[in-house]
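Colleague: Please take me closely through one part of this model, and spell out the criteria behind each term as you go. I would also like to hear how the nonpolar interior is organised.

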Amino acid sequence: MDIGQLRGLLLDLDCMTALRHTLRNRAMAALVDLCRACAKDNADEAALTAAYCRVYDAWLDAAAHGRGGFAREALEAVLFEESPAALLCARMDVLPYSLTNALANDLDALGRLTAIEPAMFLLLCERAGMSGQTAARLPVWEPTLGSEMGDPRLSKMMLSREGVTMTAAFFRKQGTGLFARCPGSTWVGESEKYPLGLRGIREPDPIRLEDMVLYERERGALVENTRRLLDGRQACNILLYGDKGTGKSATVKALLSSFWLEGLRIVEVPLAQLTHLPTIFSILRDQPGKFIVFVDDLAFNDSCPEYTALKTVLEGGLEARPSNVVVYATSNRRNIVRQRFSERQDDVNERDTLEEKFSLADRFDLRLTFSAPTQEEYFTICRALLDARGAEYDWDELMPRARAWTVSHNGCSPRIARQFVDYIAGEGKA
């Protein structure tokens, strides 16, 4: 690269429009500053050295966080930062010519910027006025260190004019901003740190549907409903209820492992935050992805505001539920709301009171039951978990211990089985 090509690249970077926000990224800003320093006539050696060191520091940060080289850093800035261009791509099947052209120019400029090798930068620095003695002291970064830890969705993306189609398709399928970056999120309330009120979860629980044992019918119904959601068909709100430790919450979380690459996202809403459901729905309505709003361990009194909020969004509010959102909730109680014997004794209109209490559960379109396994089913789960670990074991020797474990841990359940297998693994026997 000669000085003329470098100045041409800087002009193209100055003319970026659709993806101009990427230049605020720390690494991209450092690379541009170094290019500007190298493009000056009779540049100051101290300024060149400082600019180069800032680039190396930005590379260290990218590598330490698994983003590898500057090309990966630029792709993440393009795809995971909120921008008007991203929103338009997400909402439109056919892009205006001006946006297509702007994206092509910007991707090309970023590709050329991040393709400059460190050895070329050092050569440009020397041409601009840096001494060979100083250049020899500066480190040369490895272009792809740590990139194996990156996002698999980015492996085929391109920083070039040919990458426009894939970039637009990414936004349409994966969403924008936080929802493109993170498979899951939790409602924490709006703040300066979390302007949307959502804290992203980049590394959710890695549990997989394939690793689960028993409850095939219940899992099948949940998977089928989730496929309907992803296909744009009518999907149901689902209540998963049953005994503790039977894998209700784990089954919902495992959906991400199977479907997040297809655009599925899970938004977890704590029980105490259910009054914010209308706000959450309004945020998700404008996103192109498909969302499960997940409420874990439902159990409350009918007089609390959270009960009323959930009841309203399920069915009964003026505003319709977004077509790209379903609610999955778990509960150890079939009817969710606690019932007291005093209500049967004291309430004149007992039937009306009970129907009101049961109405929340009734508003879920589908209810799946997770009953506690029998002892034989518990043994089946233990053996399946041991086999999944590739363990060598003598079941005749382990079975009495597995049975004793249920006594000391108050019953049989998949959770108890997993705890037992983890304990055995800690002994080095599995």
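Modeller: What follows begins with one helix pair and then turns to the nonpolar cores. The model is predicted, so local features need pLDDT of at least 70 and side-chain atom pairs count only at pLDDT 80 or more, whereas totals for chains, interfaces and linings use all residues. Residues are numbered from 1 along each chain as its sequence is written, and side-chain values use heavy atoms, with hydrogens and water left out.

Helix α11 spans residues 216-231 and α12 residues 248-259, helices being DSSP runs of H or I with at least four residues, and strands runs of E with at least two, numbered from the N terminus. Their axes come within 11 Å and cross at roughly 50 degrees, where an axis is a line fitted to C-alpha atoms, for helices over the stretch in contact, and angles run from 0 to 180 degrees between N-to-C directions. The crossing angle therefore makes α11 oblique to α12, because under 35 degrees counts as roughly parallel, over 145 as roughly antiparallel, 65 to 115 as roughly perpendicular and the rest as oblique. The crossing is right-handed, that is, the near helix is turned clockwise from the far one by less than a right angle.

The contact (heavy atoms within 4.5 Å) involves R219, L222, V223, T226, R227 and L230 from α11, and T251, V252, L255 and F259 from α12. By class, these residues are six nonpolar, two polar and two charged, with Ala, Val, Leu, Ile, Met, Phe, Trp, Tyr, Cys and Pro taken as nonpolar, Asp, Glu, Lys and Arg as charged, and the others, Gly among them, as polar.

In the loop between β2 (198-201) and α11 lies L214, whose phi is positive, near 70 degrees, although the residue is not glycine. L214 counts as buried at 16% relative accessibility, the limits being under 20% for buried, over 50% for exposed and partly exposed in between, with a 1.4 Å probe and protein chains only.

As for the interior, a nonpolar core is a set of buried Ala, Val, Leu, Ile, Met, Phe, Trp, Tyr and Cys residues joined through side-chain atoms within 4.5 Å. The largest core has 63 residues, of which L13, F70 and F121 touch the most other members. Its largest share, 10 residues, comes from α2. Leaving aside residues up to four places away in sequence, F70 touches A27, M28, L31, V55, A58, W59, T114, W141 and P143. A second, separate core of 44 residues includes I292, Y378, C382 and W395.
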